[in-house]
Amino acid sequence: MKFNLIDQIEQLTDQRIVAVKTVTLAEEYLADHFPTFPVLPGVMMLEAITQAAGWLMHHRTQFGKSMAVLKEAKNVKYGHFVAPGNELRVEVDYIKDTDGGASFKAVGFVEGQTALQARIELSYFNLADKQPALAHLDAKLAEHTKYRWAVLQQGSVTI
Amino acid sequence: MAALVTNHWQLIPMRWIWIDKFTEFTPKTSATAVKNVSLAEEHLHDLFPAFPIVPHSLIVEGMAQTAGILVGEARNFAEKVILAKIGKATFHRLVRPGDTITFSAKIDQLSEQGASITGTVTVTDNGAVAPVADIELMFSHIDQNMAGLRFPAHNFVFTEQFTDLLKTYRLSSAVPL
Amino acid sequence: MAMTRDEVYKKVQGVLVDALGVDEEEVTPTATLREDLGAESIDFLDIVFRLEKAFGIKIPRGEMFPEDLFTNAQYVQNGRITPEGLVEMKKRMPHVDFSELEKDPDINKMQFTVDTVVNYIESKVNA
């Protein structure tokens, strides 16, 4: 399994990101979640929201820090299942900066229904901020993030 | 359809299991499970390849599986126990390859409709227990509870993989040293 | 142990803040759980669990939020509460204010408010 949980970005401003995770039977873990009833695991919906918020942070700070991780999730409630062939559209709104990151409010939709709602806080930092000995890794991490960002850019070409 | 499911398990290894074994299981009360973290796990290399960490959503899943089996066993795996709400999940420390994660879950409330659990996640650091996360979850027994959602009648949640974890724990705790 | 309405209200407010992730200021007596405070079905179970713990009481299924009544074809037809429905609901839900519903028995007007919860808890702890 590749742990990239955002497939496409539809809208991006300093305050908000709208992004999509498509769900396909080609994702092998679906065979186990659940057998005869494949649906996107709830924690993967949470991961999609976390990654979308991460992109919003990178956009706001021009890739200011190398690590974006979930610091806290609150009142995450699941509504509808997301099945293969459907897409989860997440709308993440920036709320405010926190000590070490930022907080966000998010809603995920599937076929017009609410799949989940969540409030999250991200920790956004450079390894150098936490352990000077790890400082040399930040540049590599940032480069990888920018590569993943480039892969997410829109559009196709005719051949 | 049932025959298909049985054959499936014989051929394809489980890919959505985020705990390795139980180290404690007190029915209807508490359970502790552990998971080893290895560079051999492919997904660890996708987001932060220069500094691989266990994604926090998968730490939540490890807790959900530990607690889900505890809640499921409390009613003999008759209910479809589905993660319905994460009240709160707070993270204190990043988890790295080489770590062993310990998930400890306690049932707070259990009813016909569902359950609420609290859990702590830890690793050891130089022999000392280091906190990784505090997690509060709610499960719904969806046969009793989620009108308007469509899902199969049979219990697709508790497959052999999960019930085997419990069997292994019970067998090994019965073998004298 | 007997509690004043104010004591019950303060504790209920705390439970709703924790369960629903809303601010204390939003939890007013007439605030509706679903529309104003954003409660979903799993939240109703969360609220029941937390109230049981906070007040040391048992809330039997369907006693505070009797959902079975709302899907009963005898009591609700085409989105309207039938006269028998009104009688049964008033019996099962003494903690709900039926004055608006008596004028217009539209099932969508059936709303659980913070006051509804406080009424129910008050009757349980002061029984």
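In this predicted model, 38 residues of chain B are in contact with 38 residues of chain A, where contact means that the C-beta atoms of two residues, placed from the backbone, lie within 7 Å. Helix 1 (2–11), helix 2 (56–74) and strand 3 (81–91) of chain B each supply at least two residues of the side that touches chain A, and strand 3 of chain B gives the most, with nine residues. Helices here (H or I, at least four residues) and strands (E, at least two) are DSSP runs, numbered from the N terminus.

Chain A also touches chain C, with five residues of chain A in contact with five residues of chain C. Strand 3 (residues 67–78) of chain A gives the most to that side of chain A, with three residues. The table sets out the two sides by class, where Ala, Val, Leu, Ile, Met, Phe, Trp, Tyr, Cys and Pro count as nonpolar, Asp, Glu, Lys and Arg as charged, and the others, Gly among them, as polar.

| Side | Nonpolar | Polar | Charged |
|---|---|---|---|
| Chain B, touching chain A | 25 residues | seven residues | six residues |
| Chain A, touching chain C | no residues | two residues | three residues |

As for the source of these values, residues are numbered from 1 along each chain as its sequence is written, while chains are lettered from A and ligands numbered from 1 in the order in which they are written. Since the model is predicted, local features need pLDDT of at least 70 and side-chain atom pairs count only at pLDDT 80 or more, whereas totals for chains, interfaces and linings use all residues.

Chains A and B share an open sheet of twelve strands with antiparallel pairing, in the order 1(A)-2(A)-4(A)-5(A)-6(A)-3(A)-3(B)-6(B)-5(B)-4(B)-2(B)-1(B); two strands pair if DSSP finds at least two bridges between them. Strand 1 (8–12) of chain A and strand 1 (21–26) of chain B stand at the edges with a single partner strand each, so one side of each is left without a neighbour in the sheet. From one strand to the next, the twist averages 25°.

Strand 3 of chain A and strand 3 of chain B run antiparallel and are joined by five bridges, and A:Glu72 stands opposite B:Thr90 in strand 3 of chain B. Within chain A, four bridges join strand 1 to strand 2 (residues 16–22), which also run antiparallel, and A:Gln11 has A:Val18 in strand 2 as its bridge partner.

Turning to chain B itself, four helices and six strands are found there, and along the sequence they follow the pattern α-β-β-α-β-β-β-β-α-α. Of the 177 residues in chain B, 40% are buried, which is said of a residue if 20 or more other C-beta atoms lie within 10 Å of its own, with 12 or fewer counted as exposed and those in between as partly exposed.

The largest nonpolar core (a set of buried Ala, Val, Leu, Ile, Met, Phe, Trp, Tyr and Cys residues joined through C-beta atoms within 7 Å) has 109 residues, and A:Met45, A:Ile49, A:Ala52, B:Ile59, B:Met63 and B:Leu137 have the most contacts inside it. Helix 1 (residues 42–61) of chain A contributes the largest share of this core, eleven residues. Apart from this core lies another, of six residues, among them C:Tyr75, C:Met89, C:Met93 and C:Val96.

Conventions. Axes fitted to C-alpha atoms, helices over the stretch in contact; angles between N-to-C directions.
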